[in-house]
Amino acid sequence: MRQLRYFVAVAEELNFGRAAERLLIAGPSLSQQIKALEHDLGVRLFDRDRRSVALTPAGAALLPPTRALLDRADDLQRRAAQISGSEPVRLGYASWLPAGLTARTSAVAQLHTDAWIEPSHAQAARVADGSLDLAVCWVRTQDLEEHGLSARLIGADRLYAVAAGDDTSDVHAQDAAVLLDDDITSWASWNLYAGQLARDTGARVVRICDGGITGPAFFDHVRRSRRPIVNSPKGQTAPLPPDLVRRPVIAPEVYWTWSLVWRRREERAAVLAAVHALTDGVGDLGIHRPDAWLPDSDPHKQ
């Protein structure tokens with residue numbers, strides 16, 4: 001079942017690196033698991049070279065029944081939990097958990113952290129359709145209204161800029177750049193956020209098509225840029241190469257918020273108790289400071 005989940009992830013990303021990040025496993029391990037699955041099934045699922053990954057006809061034919069099989073397996077697990085009287089509270093997240101939240105999740109009874117790492121908009125949609133009970137994601141007020149969700153602040157990142165050289169001084173937001181990627185499936189939330197940041201502050205927009213919002217491709221964009229580039233929350237804790245530096249963004253200070261979302265009509269006591277346990281005492285995390293910036297669509301903006 002794990003290998004089948006890996007197959008679906010690679011089929012959806014058509015990129016082993018992105019699929020490995022989504023699944024939180026090493027790229028070589030993912031490649032080995034796919035090869036083992038191909039061997040067991042007796043068919044080649046992907047045509048791949050150094051530049052591209054594509055489904056073979058066999059892979060395309062097997063993808064729909066594989067998704068259906070995984071859905072049935074998830075349903076079986078839910079039914080078994082209901083029968084046992086210990087149905088878990090299912091928590092999903094985008095690619096990051098706020099500091100200290102891992103310890104909180106382990107302390108909440110029956111809380112199951114979902115293994116599927118998907119973009120914020122996908123996580124919110126999964127809560128709305130019942131695939132998850134809770135999700136940690138970036139969300140807009142209009143998303144909450146559209147999906148019938150409630151949200152509480154659970155974390156916030158102050159974003160910084162990355163630049164070549166050794167100058168670590170502050171950089172004004174209008175003198176920085178933001179990247180927008182053509183892959184709107186993977187980067188929909190970031191593109192909305194970064195586009196609004198550029199409009200509000202005068203930061204320069206640089207359009208890319210290589211997934212370089214994070215990772216080595218992001219560092220390459222920084223090296224080619226004449227301006228410092230605002231880092232995405234996915235890259236907040238990534239170590240920088242020795243030729244690059246962090247520069248604090250000011251005027252304004254730029255914040256990205258993380259929300260815990262749940263269905264507005266949720267009645268299960270276990271879910272509501274988990275919401276309280278995970279968000280109790282979080283505070284405002286600096287997002288209401290006089291020089292802090294949030295997009296107008298942020299549900300936590302005063």
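**Exercise 1.** How many aromatic pairs does the count come to in this predicted model?

*Solution.* Apply the pairing rule to the rings; the count comes to ten aromatic pairs. Take one of them, F16 and F46. Their ring centres lie 6.1 Å apart, and the planes meet at 70°. Planes over 60 degrees apart count as edge-to-face, so the F16–F46 pair is edge-to-face. Now place the partners. F16 sits in helix α2 (residues 16-23), and F46 sits in strand β1 (residues 46-48). With their positions 30 residues apart, the pair links distant parts of the chain. Finally, check accessibility: both F16 and F46 are buried.

**Exercise 2.** Find the cluster that ring pairs link together, and name its residues.

*Solution.* Follow the ring pairs from W138. The cluster also takes in W190, Y193, W256, W258 and W293.

**Exercise 3.** Which residues touch the most other members of the largest nonpolar core?

*Solution.* Start with the core itself, which holds 48 residues. L134, V136, W190, Y193, L260 and L278 touch the most other members. Next, ask which element gives the most to this core: helix α8 (residues 184-201), with six residues. Another core lies apart from it. That one has 20 residues, including Y6, F7, A9 and L30.

**Exercise 4.** Classify C137 and C209: buried or exposed? Then give the disulfide count.

*Solution.* C137 has 0% relative accessibility. The cut-off for buried is under 20%, so C137 counts as buried. C209 has a relative accessible area of 65%. Exposed means over 50%, so C209 is exposed. For the disulfides, apply the sulfur rule: the count comes to zero.

Terms used:
Residues are numbered from 1 along each chain as its sequence is written. This is a predicted model: local features need pLDDT of at least 70, side-chain atom pairs count only at pLDDT 80 or more; totals for chains, interfaces and linings use all residues. Side-chain values use heavy atoms; hydrogens and water are left out. A disulfide is a pair of cysteine sulfur atoms within 2.5 Å. Buried means under 20% relative accessible area, exposed over 50%, partly exposed in between (1.4 Å probe, protein chains only). Rings of Phe, Tyr and Trp (its six-membered ring) pair if their centres lie within 6.5 Å; planes under 30 degrees apart count as stacked, over 60 as edge-to-face and the rest as tilted. Helices (H or I, at least four residues) and strands (E, at least two) are DSSP runs, numbered from the N terminus. A nonpolar core is a set of buried Ala, Val, Leu, Ile, Met, Phe, Trp, Tyr and Cys residues joined through side-chain atoms within 4.5 Å.
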